[in-house]
Amino acid sequence: MVSELPWDSRTGTLKRDLAQGMMDPASRRALEAALQIKETQPAYICAITMGPAMAREILHQAMALGADEGVLLSDRRMAGADTFLTSHILARFIQKECQGEYLVMCGTQTSDSETAQVGPQLSEELNIPAITYAGHVEIKDRVVEVHRHVDEFFEILNMDLPGLVTIDLSAYKPRYLALEGVEKAFENPDIRHIDARQLGLDADFNALKDSPTRIMDVYSPTAQKENRVLKGAVKKVVDQLFDDYGKVISSAMGKDLKTHEHDEA
Amino acid sequence: MDFNPCMKHQLIRKTVREFAENEIKPHVSLLDKESRFPWEIVERMKPLNFFGLQVPKEYGGAGLDTISYAITIEELSRVSAAMGLCVTVHNSVGIFPILQFGTDEQKKRFVPAMARGDRIGAFCLTEANAGSDAGGVETHAVETQDAFVLNGTKIFVTNGGVCGTVLVFAVSETRDKKKQASVFIVEKECPGFCVGEIEDLCGMRANPVSSLFFEDCRVPKTNVLGQLGQGMKIGLTALDTGRIGIAAQALGIAQAAFESSVSYARERQQFNTPLSKFQTIQNYLAEMATKIDASRLLLYRAAAFKDSRRPFSGEASMAKLHCSATAKDVTDLAVQIHGGYGYSKEYDVERYFRDAKVTQIYEGTSEVQKMVIARTILSQPS
């Protein structure tokens, strides 16, 4: 939960040094989906993250799990980027590196903001189709088939490549990291560091200043629950119950309850 | 000098902690209560290389350095000392001597199955009349045309009840009738090999510590580890390595007891005040933290010495001596902080307290560690 992470309420950003190199749970699921695709067909997995130097650890973790390459987008001028600029920066790199048919796989929402905006925004920046909340992803004859469960519907969608999917938080339970993988990931760490200049960002680019979003505060939604004990004669209590909660009960049941009907009966 | 753990070691810690917290922790209390060895957890540990921590990749292991090894054992033991014990004994005194002293043929024959976790390793030296005094071993091996025939009884064998491949310390006679100690690799299928009853011990109850019987147990001549008569050298080298593992295990127990104590001291109120506000409790926590930190530094130094191929016998003994004393002291204070609840099986500190004591006894008692340390000091030129 975002409010459980070390958050600096003064600057409205995550205190990343304290959030010590955790791979986002959502990203782990996206990586798991990529690994499972790679197990069935030839694939090259490039893990990309944006953050301070210590975010390298996440890339080592990705490579230990089976990613072929790790790329760290890191620059002081990119620090403090909101979702809009994050998508923009990621798109810059992907446009530079990827041509032809590729699939971008993202977690649905990161634990540091839970906006679920970066995936869809990134697809807009790249001008490629996107499917969010994917529960299962397969690539069949250069077409991406996605199963997902949204709004009480189970859907199967097809999408051309290049494309983008975000992996649902309930799908693709991540595997544990084998210790052999950790050792291997550090033996020959193929991690590229890309800065703002290499991405061709303007000399006066400053993500903190240029981000259109301003975070005022971060807090957990508090449940508005109360316990009430209604006392008195049964009829009085039932009347009061329907007066006070009739609408809530109606909407929960999806049926219009005619309150006080029992009076007339 | 940099006291910060490197990224690899941090990742090892997180990796092992995540597995231990999710897959072992929910079952620890019941395993202890039922004295049951969790084969189902072993199955989940196998593909993650827990049984071949420092085994080179050519034999199917993870090829970790010794600090990573120590961190792995520490993190496993922080959740389950009994599983930490199984893994450290298997890796250190079970596999390591074969890697260090075995012939290429022996390494190829025995190590891969052990590194996969298909055969759990054990090392048996202790007997009814021999423990700290390894010279008192009575299990003997008689050479025949094609084999050695072993007879004797080993006691308190960690992993005894679940082992597949055992290193047995036994004496034989040379042609000129002199006694010599050797180590024999015995597989559980060897005729004449038999597992005794599981010991009813104070702690580490999920580890099936047992006696092992060798009754005319025929061991092929190709199963003599290293050379005949090398037993003492192999034993001492194995124990040096084993001590790093037991030190790490003790540290993990202490760390767990410390963490429980800090959170309990914050939650528990007496006289309308959290325990953590009382100076006495603060002093306890400060003592615990300091001992744990000192232990950890001693342990990592011994591990780093081993990795850089420097002599590490004295350092390993210092680490083992201090880590095990820390485990005993810290778990004692943890029970004290928890009061009556600490004495109840409802709380984990009760188990930590029982598990901690034996770390001062096995893999060389604290008294033996002091002997080793003194010998290291006095063997240096004045």
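Two residues are in contact here if their C-beta atoms, placed from the backbone, lie within 7 Å. Keep that in mind as you click around, and remember that this is a predicted model.

**Stop 1: where the chains meet**

Show both chains and look at the place where they touch. Chain B puts 17 residues into the contact, and chain A puts in 13 residues. Now select residues 7-34 of chain B, which is helix α1: with eight residues, this helix gives the most to the side of chain B that touches chain A. Colour that side of chain B by residue class and you should find nine nonpolar, five polar and three charged residues.

**Stop 2: the three-stranded sheet of chain A**

Hide chain B for now. In chain A, pick out β3, β4 and β10, which line up in the order β3-β4-β10 as an open sheet with parallel pairing. Select 46-50 for β3 and 191-194 for β10: these two stand at the edges with a single partner strand each, so one side of each has no neighbour in the sheet. Look along the sheet and you'll see it twist, by an average of 20° from one strand to the next.

Next, zoom in on β4 of chain A, residues 69-73, which pairs with β10(A) in the parallel sense over four bridges. For one of the pairs, label Gly70(A) and its bridge partner in β10(A), Ile191(A).

Then add residues 83-97 of chain A. This is helix α3, and it packs on the sheet, touching β3, β4 and β10 of chain A. Its direction makes about 145° with that of β3(A).

**Stop 3: the five-stranded sheet of chain A**

Stay in chain A and bring up the other strands: β5-β9-β6-β7-β8 is the order of an open sheet of five strands with mixed pairing. At the edges you'll find β5, residues 103-107, and β8, each of which pairs on one side only. The twist in this sheet averages 40° from one strand to the next.

Two hairpins are worth a close look. Start with β6 (residues 130-140) and β7 (residues 143-150) of chain A, which pair in the antiparallel sense over six bridges. Label Val137(A) and its bridge partner in β7(A), Val146(A). Two residues sit between these strands, and in the turn Asp141(A) has a positive phi of about 45°.

Move along to β8 of chain A, residues 153-160, which pairs with β7(A) in the antiparallel sense over eight bridges. Which residue of β8(A) stands opposite Glu145(A)? Click across and you land on Asn158(A). Val144(A), in turn, stands opposite Met159(A) in β8(A). The hairpin of β7(A) and β8(A) also has two residues between the strands, and Asp151(A) takes a positive phi near 45°.

Before leaving this sheet, select residues 118-126 of chain A. That is helix α4, which lies across β5, β6 and β9 (163-167) of chain A and runs at about 65° to β6(A).

**Stop 4: the domains of chain B**

Switch back to chain B and colour it in three pieces: domain 1 (7-120), domain 2 (122-230) and domain 3 (232-378). The C-alpha centres of domain 2 and domain 3 of chain B lie 30 Å apart. Where these two touch, domain 2 of chain B gives 13 residues and domain 3 of chain B gives 11 residues. On the domain 2 side, the count is nine nonpolar, four polar and no charged residues.

**Stop 5: two helix pairs in chain B**

Select α4 (residues 81-101) and α5 (residues 104-116) of chain B. Their axes are 10 Å apart and the helices pack at an angle of about 155°, so α4(B) and α5(B) are roughly antiparallel. The crossing is left-handed. Show side chains for Gly94(B), Ile95(B), Ile98(B) and Leu99(B) in α4(B), which meet residues of α5(B) including Phe110(B), Val111(B) and Met114(B). By class, this contact has seven nonpolar, two polar and one charged residues.

Finish with α6 (residues 231-267) and α7 (residues 279-307) of chain B, whose axes come within 10 Å and cross at roughly 155°. α6(B) and α7(B) are therefore roughly antiparallel to each other, and their crossing is left-handed. Among the residues in the contact are Leu251(B) and Phe258(B) of α6(B), and Leu285(B), Ile292(B) and Leu299(B) of α7(B). The residues of this contact divide into 16 nonpolar, three polar and two charged.

Terms used. Residues are numbered from 1 along each chain as its sequence is written. Chains are lettered from A and ligands numbered from 1 in the order in which they are written. This is a predicted model: local features need pLDDT of at least 70, side-chain atom pairs count only at pLDDT 80 or more; totals for chains, interfaces and linings use all residues. Ala, Val, Leu, Ile, Met, Phe, Trp, Tyr, Cys and Pro count as nonpolar, Asp, Glu, Lys and Arg as charged, and the others, Gly among them, as polar. Axes are lines fitted to C-alpha atoms, for helices over the stretch in contact, and angles run from 0 to 180 degrees between N-to-C directions. Angles under 35 degrees count as roughly parallel, over 145 as roughly antiparallel, 65 to 115 as roughly perpendicular and the rest as oblique. A crossing is left-handed if the near helix is turned anticlockwise from the far one by less than a right angle, and right-handed if clockwise. Two strands pair if DSSP finds at least two bridges between them. Domain bounds come from an automatic or database domain assignment.
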